[in-house]
Amino acid sequence: MSLRVVFMGTPGFARGVLERLTTSTHQVVGVVTVADKPAGRGQKLSTSAVKDFAVEQNLPLLQPTNLKDEAFTEALRSWNADVFVVVAFRMLPKSVWSMPKCGTFNLHASLLPQYRGAAPINWAIINQETKTGVTTFFIDDKIDTGAMIMHRTTEISERETFESLHDKLLAIGRELVVETLDGIFQATIEPKIQLETETLREAPKLNKDNTKIDWNKDCTEVDALIRGLSPYPTAWTLFAEGETTSAAKIFLATPKPELNSIEVGKIEVIGKELLVGCGSGALKIEELQLAGKKRVRAIDFINGLNRQKTQEFTS
């Protein structure tokens, strides 16, 4: 015997969990993901990673634009699921999350109640945490506040990036989802209410403002921002060369706390190293990309600099 599961999710992280579910003892009876959206210059319809896998596996699929739409809820109810599993999807109305008899649970990429919100993996690195993890919890009418079911912890390495931590959390998260389903089926779980503390850290949605580099900060803080956003959506800054200014993405760098002689934001080329002054220390830039150009190594960027003009990164 097993549980009938409806899976809801959108990005690659969610797809990885869905892939694991299809190899478990539980039965995926349907998948819900976002509607296709126009993207790029040609405005071709872009599909989610979850939809791509569902189509490959011939899984029943719904792509609602309105989660309260009666046609959607009726179709969802017709799948007769025991439980809904949600990973990186939209906030669900009560009419949806209260539907299955065993409830609806979410996999969140943090150790709740810390880092509730849209970007927990990024913010754990940006804030220089040394550990994080994944948590399954039952959904309620607020965001990431429901009763916790299970969690798993992992270390954040010194040079961790969003990409590497994403993959690490996916590996343990997909197993935790299966363990949670097993626990629900066997009636061995003991959900625990999340305790509110005064030291909660949030994980707000990333935007143009909170991904911009502030060169007045300590070089280790700037480095953490870069690693926490690499390779996507990427920390950015403005690059000024003489009278010309353009946006620049910084993908990889190394902090140099011992270097305090470079003015904040100013670029110095020493040998084959591209160095930028911070509020404290400096940063050695390893890989970057100017707007409209390709991602390059620092040495290639150095070779393209006009030595007759001054160069700097501005906050």
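What follows is a short back-and-forth about how features of this predicted model get their labels.

Me: Before we start, what should I know about the model and the numbering?
Reply: This is a predicted model, so local features need pLDDT of at least 70 and side-chain atom pairs count only at pLDDT 80 or more, while totals for chains, interfaces and linings use all residues. Residues are numbered from 1 along each chain as its sequence is written, and side-chain values use heavy atoms, with hydrogens and water left out.

Me: What makes something a helix or a strand here, and how many are there?
Reply: Both are DSSP runs, numbered from the N terminus: H or I over at least four residues for a helix, E over at least two for a strand. The protein has eight helices and 18 strands.

Me: Why is Phe105 called buried?
Reply: Buried means under 20% relative accessible area, exposed means over 50%, and partly exposed is in between (1.4 Å probe, protein chains only). Phe105 has 0% relative accessibility, so Phe105 counts as buried. Phe105 sits in strand E7, and its C-alpha atom is 6.5 Å from that of Thr136, 31 residues apart along the chain.

Me: What about Tyr115 and Ala187: buried or exposed?
Reply: Tyr115 is at 4%, so it counts as buried. Ala187 is at 66%, so it counts as exposed. Each has a positive phi near 60° in a residue other than glycine, Tyr115 as well as Ala187. Tyr115 is in the loop between E7 and E8; Ala187 is in the loop between helix H6 (162-186) and strand E11 (202-203).

Me: How do you know that strands E9 and E10 pair?
Reply: Two strands pair if DSSP finds at least two bridges between them. Seven bridges join E9 (residues 131-138) to E10, and the two run antiparallel, so they pass that test. One of the bridge partners is easy to find: Thr135 goes with His151 in E10.

Me: What makes E5 and E10 edge strands?
Reply: The open sheet has seven strands in the order E5-E2-E1-E6-E7-E9-E10, with mixed pairing. E5 (61-62) and E10 (148-155) each pair on one side only. Helix H1 (residues 12-21) packs on this sheet, touching E1 (4-9), E2 (27-32), E6 (83-87) and E7 (104-108). A contact means heavy atoms within 4.5 Å. The direction of H1 makes about 165° with that of E1; axes are lines fitted to C-alpha atoms, for helices over the stretch in contact, and angles run from 0 to 180 degrees between N-to-C directions.

Me: Why is H1 called mostly covered?
Reply: Seven of its 10 residues are buried, that is, under the 20% limit. They are Phe13, Ala14, Gly16, Val17, Leu18, Arg20 and Leu21.

Me: How do you know that E14 and E15 pair too?
Reply: Four bridges join E14 (residues 267-270) to E15 (residues 273-277), running antiparallel, so the two-bridge minimum is met. Ile267 stands opposite Val276 in E15. Two residues lie between the strands of this hairpin, and Gly271 there takes a positive phi near 65°.

Me: Which peptide bonds are cis, and what are their omega values?
Reply: Among them are Leu112 to Pro113, with omega near 10°, and Ser230 to Pro231, with omega about 10°. Pro113 is in the loop between E7 and strand E8 (116-117), while Pro231 is in the loop between helix H7 (219-228) and strand E12 (235-241).
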